Amino acid sequence: MTKVTELPGSIPVFPLPGALLLPRARLPLHLFEPRYLQMLEDAIKTPARLIGMVQPNARPNGDQDALHRIGCAGRVTQFSETEDGRYMITLSGVSRFRAGNEVEGFTPYRRFEVNWDGFDRDQGGPEHDRNFDRDGFLDLLDRYFAARDLSADWSTLKDADDELLINSLSMLLDFEPEEKQALLEAPSLSTRRETLVTLIEYALRGGQAEDILQ
């Protein structure tokens, strides 16, 4: 596991709406744009092999380049090239970070100075949610899946540990970017679970979840 002392002071970032990476989770990505192929090539040459996933931050002033300041860095742990030059990669979540100044340079992708302070827990062992009502949560999830005509491997969901279940659903369910950001910024697993439950319940009522995140 990558340790705090090995984390670099700047990393490349990949702004991708709705794509959430969390510590100790894995995110598959499909890279095909030339700038992100270059980003991958440069990242795997570094000791940490990190790429930061961040959510774009839409603003009323129309700044299309604005990003949320908290993201999650993942280590490139798998990659394979397709016949037409694209790459399928897997990022394994290492730690959240706060983005600072953008690094000016000649790379076609964006790079930021980053601060890892406050996220030491991200590099520890799996978190547990002592107040997790698994039966009630799975019942809620069943209603959510039924309302959207989704299928699930319920035996796997029932057997998954707390963190794997909550984080996997946070990453996989079809929430808006601002909602994904709220899940990312949750300070603990129990807080993330509470946020996830709120989003699912609100979606079942037919509301717009961004109303409850403001």
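The paragraphs below go through a predicted model, beginning with the chain as a whole and ending with the packing of two of its helices.

The chain contains 6 helices and 6 strands, and, followed along the sequence, these elements come in the pattern β-β-α-β-β-β-β-α-α-α-α-α. The radius of gyration is 18 Å, close to the 17 Å expected from the globule rule for 214 residues, so the chain is as compact as a globular protein of that length. Along the principal axes, the C-alpha atoms fill a box of roughly 50 × 40 × 40 Å. Of the 214 residues, 44% count as buried, and among contacts with a separation of 6 or more, 67% are accounted for by residues 24 or more positions apart.

From the overall chain we can turn to one helix pair. Two packed helices are described by the angle between their axes together with the distance between those axes. For helix H5, which covers residues 177–185, and helix H6, which covers residues 189–204, the angle is about 155° and the axes lie 8 Å apart. Because angles over 145 degrees count as roughly antiparallel, H5 is roughly antiparallel to H6. The crossing in which H5 passes H6 is right-handed.

At the level of residues, H5 contributes Glu179, Ala182, Leu183 and Leu184, and these meet Arg192, Thr195, Leu196 and Leu199 of H6. Sorted by class, the contact of H5 with H6 has 5 nonpolar, 1 polar and 2 charged residues.

Key. Residues are numbered from 1 along each chain as its sequence is written. This is a predicted model: local features need pLDDT of at least 70, side-chain atom pairs count only at pLDDT 80 or more; totals for chains, interfaces and linings use all residues. Side-chain values use heavy atoms; hydrogens and water are left out. Axes are lines fitted to C-alpha atoms, for helices over the stretch in contact, and angles run from 0 to 180 degrees between N-to-C directions. Helices (H or I, at least four residues) and strands (E, at least two) are DSSP runs, numbered from the N terminus. Angles under 35 degrees count as roughly parallel, over 145 as roughly antiparallel, 65 to 115 as roughly perpendicular and the rest as oblique. A crossing is left-handed if the near helix is turned anticlockwise from the far one by less than a right angle, and right-handed if clockwise. Contact means heavy atoms within 4.5 Å. Ala, Val, Leu, Ile, Met, Phe, Trp, Tyr, Cys and Pro count as nonpolar, Asp, Glu, Lys and Arg as charged, and the others, Gly among them, as polar. The radius of gyration is taken over C-alpha atoms; the globule rule is 2.2 Å times the number of residues to the power 0.38. Buried means under 20% relative accessible area, exposed over 50%, partly exposed in between (1.4 Å probe, protein chains only).
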